[in-house]
Amino acid sequence: PAPVAAAAAAAQSAPSRPIPDGVGPSPLEGGDPGQWEKDRKQGRGFTWGQSPTDVTIEIDVEKCTAADIKVVMAPRKVTVKRKGETLLEGGLFDRINCEESTWHLDSGKQLVLSLEKIKQCYWEDVLEGP
């Protein structure tokens, strides 16, 4: 039992994930809550950022109306289409609360998705896979 207890103690004292380059200590560990919001990332055809509680995805689109947009959110997947053309589709890094997640069209040119995280954690990427 002693080696098992030592391994368990070591696992508890080690951070769950290394802090990404350029990002301060996690707000979940007493760091600056604004730090994650400043860390904007480019995806495949979109820009995204996060806070401890949500993920925001911004997709530039040709001028359209909200009626042209179809967004389907599932706990681990999101699909966005404009006039039948898939703009974004894939499995999410972690689970979202679909009931609290929203989207809106900004000036008819940018689609903004606000995904509410189920658990507060740092997402390495917004979508799974390559």
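This passage describes the fold, the sheet, two loop residues and the salt bridges of a predicted model.

The chain contains two helices and eight strands. Read from the N terminus, the order of elements is α-α-β-β-β-β-β-β-β-β, with both helices placed ahead of the strands. Of the 130 residues in the chain, 34% count as buried. The accessible surface amounts to about 7,700 Å², and carbon and sulfur atoms account for 52% of that surface. Contacts across the sequence were also examined: among those between residues at least 6 apart, 52% join residues at least 24 apart.

We can turn next to the sheet. Five strands form an open sheet in the order β1-β2-β3-β8-β7, and their pairing is antiparallel. The edges are occupied by β1 (41-42) and β7 (96-106). Each of these edge strands has a single partner, so one side of β1 and one side of β7 are left without a neighbour in the sheet. In general, the strands of a sheet pair through backbone hydrogen bonds, in either a parallel or an antiparallel manner. At the β7 edge, the partner is β8 (residues 110-117), and seven bridges join these two antiparallel strands. One pair of bridge partners brings together Leu105 and Leu111, the latter in β8.

The loop between β7 and β8 holds Ser107. This serine has a positive phi of about 55°, although it is not a glycine. Ser107 is also exposed, with a relative accessibility of 54%. A comparable description applies to Lys83, which is found in the loop between β5 (77-82) and β6 (85-91). Lys83 is not a glycine, yet its phi is positive, at about 50°. With 57% relative accessibility, Lys83 counts as exposed.

Charged side chains complete the picture. Side chains of opposite charge can pair when their charged atoms come close. In this model, the count of salt bridges comes to five. Among them is the pair formed by Arg82 and Glu62, with an N to O distance of 3.9 Å. This salt bridge links distant parts of the chain, as Arg82 belongs to strand β5 while Glu62 sits in the loop between β3 (54-60) and β4 (69-74), 20 residues apart. The two partners differ in their surroundings: Arg82 counts as buried because its relative accessibility is 8%, under the 20% limit, whereas Glu62 is exposed, with a relative accessible area of 56%.

Arg82 also forms a salt bridge with Glu85, where the closest N and O atoms are 3.3 Å apart. Glu85 is partly exposed, and its relative accessible area is 41%. Taken together, Glu62, Arg82 and Glu85 are linked in a network of salt bridges. Within that network, Arg82 is the residue that pairs with Glu62 and with Glu85.

A further salt bridge is made by Lys77 and Glu89, whose closest N and O atoms lie 3.9 Å apart. Lys77 is in strand β5 and Glu89 in strand β6, so this pair ties together parts of the chain that are twelve residues apart in sequence. Both partners are partly exposed: the relative accessible area of Lys77 is 39%, and Glu89 has a relative accessibility of 44%.

Conventions. Residues are numbered from 1 along each chain as its sequence is written. This is a predicted model: local features need pLDDT of at least 70, side-chain atom pairs count only at pLDDT 80 or more; totals for chains, interfaces and linings use all residues. Side-chain values use heavy atoms; hydrogens and water are left out. Two strands pair if DSSP finds at least two bridges between them. Helices (H or I, at least four residues) and strands (E, at least two) are DSSP runs, numbered from the N terminus. Buried means under 20% relative accessible area, exposed over 50%, partly exposed in between (1.4 Å probe, protein chains only). Contact means heavy atoms within 4.5 Å. Accessible areas come from the Shrake-Rupley method with a 1.4 Å probe; for residues, only the protein chains shown count as cover. A salt bridge is a side-chain nitrogen of Lys or Arg within 4 Å of a carboxyl oxygen of Asp or Glu.
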